[in-house]
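Please examine the sequence and the structure below. The account that follows leads through the model by way of its cores, aromatic groups, charged pairs and strands.

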Amino acid sequence: MTYLAHERYCDEIAFQAGQLRELITSGADLSATVPTCPEWSLEQLVRHLGGALRWSGTLVRERAQELIPTATIPLGGGPEERGDPAALDAWLAECGELVVGALREAGPRAEVWSWTGVATSGFWARRMAHEITVHRADAALTAGAPYEVAPDIAADALDEGLELVEWVQRIGARDWAADLHGPARTLHLHATDAEPELNAEWLVEMDGSGVSWRRGHEEATVALRGPLTSVLLAFYRRLPLLDAPGLEVVGERAVLEFWLENSNFG
């Protein structure tokens with residue numbers, strides 16, 4: 001696994017938390033249903049995300065060597081006040097400060113429990129950077145607000161998503177992962193607006209042995225092409241393949257749809 005710099009993740013968590021706070025206090029309807037997570041309202045989405053930041057920050061701060069149940073985290077579910085943008089904003093600010101402060105103090109190599117084979121504070125910096133990046137897209141889509149992601153973060157979020165699918169499939173941690181076995185098929189992701197040095201292209205291979213992937217430009221059964229932010233959001237199932245501005249599917253669309261239906265991450 002190749003990570004960005006630890007401080008880069010910390011900075012991005014702080015930045016994304018600030019962006020989300022601006023949305024909360026801009027008059028967005030907290031009761032609105034999140035179209036990409038229809039089981040949640042916007043307020044429930046923010047409470048979920050802030051709780052995840054607070055929980056992971058607690059893990060890192062305490063150098064936890066085993067799971068700390070989320071139910072034991074003080075204020076893990078958010079402020080007592082419901083439907084109050086100011087209270088939600090203040091709570092989210094505190095959650096962001098807690099996790100970023102814990103991560104900066106720990107550095108990337110502190111041993112901390114995780115649910116994967118990478119049990120370090122660096123894992124949590126990366127995981128929370130991408131957790132908040134993708135969920136801010138959910139919030140922006142709900143509020144009709146603009147959304148963009150820094151290219152290095154977007155590319156790394158795609159790397160991490162593919163790594164997690166590969167890991168889950170390899171160890172059999174989720175039932176859906178077994179469906180990714182099958183005949184040989186390949187999927188190419190191509191960010192058309194990225195600088196060449198970012199190498200923002202990916203080849204995903206699926207066959208009888210499972211899933212593997214690598215960066216690079218190669219022919220594939222199906223290709224998803226478009227701006228990097230749009231490719232990221234489509235791959236995380238935040239944008240529809242049809243009618244999404246700038247996105248193009250070349251080849252066997254059914255293979256891409258199969259992947260999206262059976263790679264339940266993010």
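A residue is called buried when its relative accessible area is under 20%, exposed when that value is over 50%, and partly exposed in between. The model considered here is a predicted one. By this criterion Phe 123 is buried, because its relative accessible area is 4%. Trp 124 also counts as buried, at 1% relative accessibility. The rings of Phe 123 and Trp 124 form an edge-to-face aromatic pair, with 5.0 Å from centre to centre and 80° between the planes. Both residues belong to one aromatic cluster, together with Trp 55, Trp 113, Trp 115 and Trp 167.

The structure holds eight aromatic pairs. Another edge-to-face pair is made by Tyr 3 and Tyr 9, whose centres are 6.2 Å apart and whose planes meet at 85°. Tyr 9 is buried, with a relative accessible area of 1%, whereas Tyr 3 is partly exposed at 28%.

Trp 124 leads on to the nonpolar interior. In soluble globular proteins, nonpolar side chains tend to be buried together. The largest nonpolar core of this model has 41 residues, and the members that touch the most others are Ile 13, Leu 42, Leu 53, Leu 103 and Trp 124. At least two residues of this core come from each of helix 1 (6-24), helix 2 (42-61), helix 3 (85-106) and helix 4. A second core, separate from this one, comprises 39 residues, among them Ala 155, Ala 157, Phe 235 and Ala 244. Returning to Leu 42, its contacts beyond four places in sequence include Leu 23, Leu 30, Val 34 and Ala 139.

Charged side chains provide further links between the elements. There are 18 salt bridges in the structure. In one of them, the side chains of Glu 94 and Arg 54 meet at 2.6 Å, N to O. Glu 94 belongs to helix 3 and Arg 54 to helix 2, so this salt bridge ties together parts that are 40 residues apart in sequence. The two partners differ in accessibility: Arg 54 is buried at 8%, while Glu 94 counts as partly exposed at 38%.

Helix 3 also takes part in a salt bridge between Glu 105 and Arg 63, with an N to O distance of 2.9 Å. Since Glu 105 lies in helix 3 and Arg 63 in the loop between helix 2 and helix 3, the pair ties together parts 42 residues apart in sequence. Here Glu 105 is exposed, with a relative accessible area of 58%, and Arg 63 is partly exposed at 28%.

A further salt bridge joins the side chains of Glu 248 and Arg 225 at 3.4 Å, N to O. This pair links strand 7 (residues 248-251), which holds Glu 248, with strand 6, which holds Arg 225, across 23 residues. Both count as partly exposed, Glu 248 at 39% and Arg 225 at 29%. In addition, Glu 7, Asp 11 and Arg 104 are joined into one network by salt bridges that share partners.

Attention now turns to the strands. Strand 4 (residues 201-207) pairs with strand 5 (residues 210-215) in the antiparallel sense over six bridges, and a hairpin of two residues joins them. Met 206 has Val 211 of strand 5 as its bridge partner. Ser 209 is located in the loop between these strands and counts as exposed, at 62% relative accessibility. Its side chain makes a polar contact of 2.6 Å with that of Asp 207. Beyond four places in sequence, Ser 209 is in contact with Gln 169 and His 181.

Thr 186, in strand 3, is buried, with a relative accessible area of 17%. The side chain of Thr 186 reaches the backbone nitrogen of Thr 221 at 2.8 Å. Its contacts beyond four places in sequence include Leu 203, Val 204, Glu 205 and Val 255.

Where does helix 6 (residues 228-235) fit into this arrangement? Eight of its eight residues are buried, including Leu 228, Leu 232 and Phe 235. These buried residues pack against helix 4 (121-143), helix 5 (151-171), strand 3 (185-191), strand 4, strand 6 (222-226) and helix 7 (253-262). Just after helix 6, Arg 237 adopts a positive phi of about 60°. From Ser 209 to Arg 237 the separation is 28 residues in sequence and 25 Å in space, C-alpha to C-alpha.

Definitions and conventions: Residues numbered from 1 in each chain as written. Predicted model: local features only at pLDDT ≥ 70, side-chain atom pairs only at ≥ 80, totals over all residues. Heavy atoms only, no water. Pairing = 2+ DSSP bridges. Helix = DSSP H or I, 4+ residues; strand = E, 2+ residues; numbered from the N terminus. Buried < 20%, exposed > 50% of the residue type's maximum accessible area, 1.4 Å probe, protein only. Contact = heavy atoms within 4.5 Å. Polar contact = N/O pair within 3.5 Å; in protein donor to acceptor, adjacent residues only side chain to side chain. Core = buried A, V, L, I, M, F, W, Y, C linked by side-chain atoms within 4.5 Å. Phe/Tyr/Trp six-rings, centres within 6.5 Å; stacked < 30°, edge-to-face > 60°. Salt bridge = Lys/Arg side-chain N within 4 Å of Asp/Glu carboxyl O.
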